[in-house]
Amino acid sequence: MPVNPELQGREFPPAEPYLVGREKVREFSRAVFATDPINLDPEAARAAGYDDVVAPPTFAVVVQEQTLAQLLAEPDAGIDFSRVVHGDQRFTFTRPIVAGDLLTATLSVPSVKTLGGHSIVTAETAITDASGAHVVTTISALVVRGEDD
């Protein structure tokens, strides 16, 4: 089943809010070899003007994952996850993610393209804090490989 082109323009309901935990930020920081003290030490983060440890920029994918799960579970999407290859990832920040943030993510699908038997689904996730202020937008290109010949 090919990817449904009618996904283009669709917006999904907000995912459940995600509370950013200090230990999750530290674990993620160690996993991606982020060594800046603000990523690991609350005192260093406070000295730099933050309320708590600061997540590395790519931590936003942890929050985005909830919205991508919505997309992949959509019955009429036509996306076979076993055929998905991550094609691109971009981030546009208003501010860094900090431990203690309560973040809400909302997914939209700005484009669905077909190229040489494959589909490229662009998934854009806007992430806001508890006050509704923008924190980061993540944009992923999911390449759904066509059927094998």
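Glu 23 and Arg 26 sit three residues apart in helix α1, about one turn of the helix, and I would like to begin with that pair, bearing in mind throughout that what we are looking at is a predicted model. Their side chains meet in a salt bridge, with 2.6 Å from N to O. Glu 23 has a relative accessible area of 41%, so it is classed as partly exposed.

If we stay in the same part of the chain, Ser 29 belongs to helix α1, which covers residues 22-31, and here one may ask whether Ser 29 is buried or exposed. Its relative accessible area is 0%, and Ser 29 is therefore buried. Leaving aside residues up to four places away in sequence, Ser 29 is in contact with Ala 34, Asn 39, Leu 40 and Pro 56.

Let me turn to the sheet, which is open and has five strands in the order β1-β3-β4-β5-β2, with antiparallel pairing. The edge positions are held by β1 and β2, and because each of them has a single partner strand, one side of each is left without a neighbour in the sheet. Helix α3 packs on this sheet and touches β1, β2, β3, β4 and β5, while the direction of α3 makes about 125 degrees with that of β4.

As for the pairings themselves, β1 and β3 run in the antiparallel sense and are joined over two bridges. Leu 19 has Leu 102 as its bridge partner in β3, and Tyr 18 stands opposite Leu 103, also in β3. Between β3 and β4 the pairing is again antiparallel, now over ten bridges, and one example is Ser 108, whose bridge partner in β4 is Glu 124. The hairpin of β3 and β4 has two residues between the strands, and in that hairpin Gly 116 takes a positive phi near 55 degrees. As general background when looking at the faces of such a sheet, the side chains in a regular strand alternate between its two faces.

Now to helix α3 itself, which runs over residues 60-73, has 14 residues and reaches 21 Å from its first C-alpha to its last, close to the 20 Å expected at 1.5 Å a residue. There is nevertheless a kink in α3 of about 30 degrees, and the centre of that kink is Gln 66. Which residues of α3 are buried? They are Ala 60, Val 63, Gln 64, Thr 67, Leu 68 and Leu 71, and what covers them includes β1 (18-19), β2 (84-93), β3 (102-115), β4 (118-128) and β5 (134-144).

I return to charged side chains for the last part, and the question to put is how many salt bridges a search of the whole structure finds. The search finds eight, and I will go through some of the others beyond the pair I opened with. Arg 90 and Asp 88 meet through their side chains in a salt bridge of 3.0 Å, N to O. With a relative accessibility of 46%, Arg 90 counts as partly exposed, and Asp 88, at 31%, counts as partly exposed too. There is also a network of salt bridges, which links Arg 10, Glu 74 and Asp 76.

The salt bridge I would look at most carefully joins Arg 95 to Asp 101, where the closest N and O atoms are 3.0 Å apart. Arg 95 is partly exposed, with a relative accessible area of 26%, whereas Asp 101 has a relative accessible area of 11%, and since buried means under 20%, Asp 101 counts as buried. Where does Asp 101 lie? Asp 101 is placed in the loop between β2 and β3, and, not counting residues up to four places away in sequence, Asp 101 touches Tyr 18, Leu 19, Val 20, Arg 95 and Pro 96. Two of those names came up with the sheet: Tyr 18 stands opposite Leu 103, and Leu 19 is the bridge partner of Leu 102. For a sense of distance, Asp 101 and Gly 78 are 23 residues apart along the chain, and their C-alpha atoms are separated by 34 Å.

Note on methods. Residues numbered from 1 in each chain as written. Predicted model: local features only at pLDDT ≥ 70, side-chain atom pairs only at ≥ 80, totals over all residues. Heavy atoms only, no water. Helix = DSSP H or I, 4+ residues; strand = E, 2+ residues; numbered from the N terminus. Expected span 1.5 Å × (residues − 1). Bend = angle between axes of the 7 residues up to and from the residue. Buried < 20%, exposed > 50% of the residue type's maximum accessible area, 1.4 Å probe, protein only. Contact = heavy atoms within 4.5 Å. Pairing = 2+ DSSP bridges. Axes fitted to C-alpha atoms, helices over the stretch in contact; angles between N-to-C directions. Salt bridge = Lys/Arg side-chain N within 4 Å of Asp/Glu carboxyl O.
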